[in-house]
Amino acid sequence: MSRSTRERIIDEALRLFAERGYSATSVAEIEAASGLSPGAGGLYRHFKSKYEVLAAAINEHAARTRTQVAGSLAELNAMETSVALEERLSHVCRAGLAKVREESELTRVFFRDLSQFPELVAVVREGLLQPMFDAIVTWFQDQPEYRDAQIDWTGIAAVLGGSVVHYRLFQETVGEMPGYAEKDRFVAAWVRLAVGLLPSPAPVS
């Protein structure tokens, strides 16, 4: 499906911001990348400023994330409990890794430029990151194996979800996997740690 002019502007602007930085990217460059005549003001028919393009990109990614997280959670919860817990956990971990990778351009913009825009940092925090952590809490609480576990699920989500985010961010910023552990090894270790949260069986008297 072809993208609208507005969508092209947002997508190309985010790509350029990720590659060059927000300040180093001109409106004319965004127009040229979007198929508009550079310098002719075509961008301003859709946005008031370059900042408004950045804000639209972040807000639209946040809205999409909320929809994606809800859909992924429904899909994961639809898995029969007859499927081994380890396999269900693997799906959770891989879904998180895929989502963070999908947001690689936005991640680069976040670390390079967003400190000057605290209102957009808040959108990333509440619209992209927090829904992922909330979904982890909800998923664990819904699994029968963990139902009787007296665990601080918010804290656990911070650790397990944070490790997923860190794995991809490390790749983005350093260019290598943390500890040179390829993805399958990371997922296997993540699953092993999560299985270790299971309540210990009661001692036989």
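## Ser 90 and its surroundings

Leaving aside neighbours within four places in sequence, Ser 90 is in contact with Val 187 and Val 191. In this predicted model, Ser 90 belongs to helix H4, and it counts as buried because its relative accessibility is 17%, where the cut-off for burial is under 20%.

## Overall architecture

The chain has eight helices and zero strands, so that the order of elements read along the sequence is α-α-α-α-α-α-α-α. Taken along the principal axes, the box filled by the C-alpha atoms of the chain is roughly 80 × 35 × 30 Å.

Of the 205 residues in the chain, 40% are buried, and the area that the chain exposes comes to about 11300 Å², with carbon and sulfur atoms supplying 54% of it. Among the contacts in the chain with a separation of 6 or more, 68% are accounted for by residues 24 or more positions apart.

## Helix H5 and what covers it

Helix H5 runs over residues 104-113, and its buried residues include Ser 104, Leu 106 and Thr 107, together with Val 109 and Asp 113. The cover over the buried residues of H5 includes parts of the chain from both sides of it in sequence: helix H1 (5-20), helix H3 (50-77) and helix H4 (85-102), as well as helix H6 (118-142) and helix H7 (153-174).

## The largest pocket

How much space lies in the largest pocket? The computed value is about 440 Å³, and the lining consists of 24 residues, of which Ser 72, Leu 76, Val 92, Ala 95 and Gly 96 lie nearest the centre of the pocket.

Helices H3, H4, H6 and H7 each supply at least two residues of this lining, and H4, with eight residues, gives the most. By residue class, the lining of the largest pocket divides into 16 nonpolar residues, five polar residues and three charged residues.

## Aromatic pairs and a cluster

A search of the whole structure finds nine aromatic pairs. One pair joins Tyr 146 and Trp 153, whose ring centres are 5.5 Å apart and whose planes stand at 90 degrees, so the pair is edge-to-face. Are the two partners buried or exposed? Tyr 146 counts as buried because its relative accessibility is 1%, and Trp 153 likewise counts as buried, at 8% relative accessibility.

Phe 17, Tyr 22, Tyr 51 and Phe 117 form one aromatic cluster.

## Ser 34 in the loop between H2 and H3

Where in the chain does Ser 34 lie? Ser 34 is found in the loop between helix H2 (27-33) and H3, and this loop residue is buried because its relative accessible area is 2%, where burial requires a value under 20%.

Which residues is Ser 34 in contact with, leaving aside its neighbours within four places in sequence? The contacts are with Arg 8, Ile 9 and Glu 12. The C-alpha atoms of Ser 34 and Asp 11 are separated by 8.4 Å, although the two residues are 23 residues apart along the chain.

Conventions: Residues numbered from 1 in each chain as written. Predicted model: local features only at pLDDT ≥ 70, side-chain atom pairs only at ≥ 80, totals over all residues. Heavy atoms only, no water. Buried < 20%, exposed > 50% of the residue type's maximum accessible area, 1.4 Å probe, protein only. Helix = DSSP H or I, 4+ residues; strand = E, 2+ residues; numbered from the N terminus. Contact = heavy atoms within 4.5 Å. 1 Å grid on protein atoms, 1.4 Å probe; cavity = no way out; pocket = protein on both sides within 12 Å on 5 of 7 lines; lining within 4 Å. Points joined across faces, edges and corners; volume = space filled by probe spheres on them. Nonpolar A, V, L, I, M, F, W, Y, C, P; charged D, E, K, R; others polar. Areas by Shrake-Rupley, 256 points an atom, 1.4 Å probe, with all protein chains shown as cover. Phe/Tyr/Trp six-rings, centres within 6.5 Å; stacked < 30°, edge-to-face > 60°.
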